[in-house]
Amino acid sequence: MCSPTQAAMAGLQLGTSYGAQEGQARMQELSNETARESAQLAYQTDKNILIRRRQEEGEAFAQSNFDRQRMAMELQAQANVAAGEAGVSGISVERITRDIDRQSGEVGQRAKKSYENRLAAVDDQQTRAINTMMGRMANLPLVVQPNLLATAITTAAPYVASADTSALDQKITDFFSS
């Protein structure tokens, strides 16, 4: 079949080829793990930013609500004082204060809707951050594990001459024919 030197060389080549394949597989696993960790870290950073933004939006809405209510109370007080100084009372003063309440309510509803829209935009950014992380992870290359049999066949094939295979075929045929 093949000489002892050829067999030794084939063995060495088999060992080094298989070892190299194992090394490549391990390096790919490490590379994929690093990419996964990077994607998760980027998502966590985005998530923290969005949480802070949501809190800021809530605080801004609460503050504007408070300011709007305080302004409405001041306008009502001014209207009452002006009416009192002018000697006006009754239904016309109540209408003015109700109108101030109505206008304040309208502004409040617009502010609330605007706040809800800003929170929806934050939620959309959260969804986008999750999808980005998942996309980064989904596009990682597969790790090809080494295959000892394929490596052995690839390594041994050049050392097997056609005459040797004919002799081996004859021995196999003789063995199974008996």
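## Exercises on a four-helix model

Asn32 is found in helix H1; helices (H or I, at least four residues) and strands (E, at least two) are DSSP runs, numbered from the N terminus. This is a predicted model, in which local features need pLDDT of at least 70 and side-chain atom pairs count only at pLDDT 80 or more, while totals for chains, interfaces and linings use all residues. Residues are numbered from 1 along each chain as its sequence is written, and side-chain values use heavy atoms, with hydrogens and water left out.

**Exercise 1.** Determine whether Asn32 is buried or exposed, and list its contacts beyond four places in sequence.

*Solution.* Step one is the cut-off: buried means under 20% relative accessible area, exposed over 50%, and partly exposed in between (1.4 Å probe, protein chains only). Asn32 has a relative accessible area of 6%, and therefore it is buried. Step two concerns contacts, defined as heavy atoms within 4.5 Å. With neighbours within four places in sequence left aside, Asn32 touches Leu140, Pro141 and Val143.

**Exercise 2.** Describe the secondary structure of the protein chain and the span of H2.

*Solution.* The protein chain has four helices and zero strands, in the order α-α-α-α from the N terminus on. For H2, the expected span is 1.5 Å times one less than its number of residues. H2 has 48 residues, and its first and last C-alpha atoms lie 69 Å apart, close to the 70 Å expected.

**Exercise 3.** Characterise Ser104 by its element, its burial and its contacts.

*Solution.* Ser104 belongs to helix H2. Its relative accessibility is 12%, so Ser104 counts as buried. Outside its neighbours within four places in sequence, Ser104 is in contact with Arg68 and Ala72. The buried residues of H2 also include Val93, Ile100 and Tyr115.

**Exercise 4.** Find the aromatic pair of the model and classify its geometry.

*Solution.* Rings of Phe, Tyr and Trp (its six-membered ring) pair if their centres lie within 6.5 Å; planes under 30 degrees apart count as stacked, over 60 as edge-to-face and the rest as tilted. By this rule there is one aromatic pair. Phe61 and Tyr115 form it, with 4.5 Å centre to centre and 10 degrees between the planes, and the pair is stacked. It links distant parts of the chain, as Phe61 is in helix H1 (residues 4-86) and Tyr115 in helix H2 (residues 91-138), 54 residues apart. Phe61 and Tyr115 are both buried.

**Exercise 5.** Analyse the salt bridges of Glu56 and Glu106.

*Solution.* Side chains of opposite charge can pair when their charged atoms come close. A salt bridge requires a side-chain nitrogen of Lys or Arg within 4 Å of a carboxyl oxygen of Asp or Glu. The structure holds nine salt bridges.

- Glu56 bridges to Arg52, with the closest N and O atoms 3.5 Å apart. The two residues are four residues apart in helix H1, so about one helical turn separates Glu56 and Arg52.
- Glu106 bridges to Arg102, with the closest N and O atoms 2.6 Å apart. Glu106 and Arg102 are four residues apart in helix H2 and are therefore separated by about one helical turn.

Salt bridges that share partners also join Asp67, Arg70 and Glu74 into one network.
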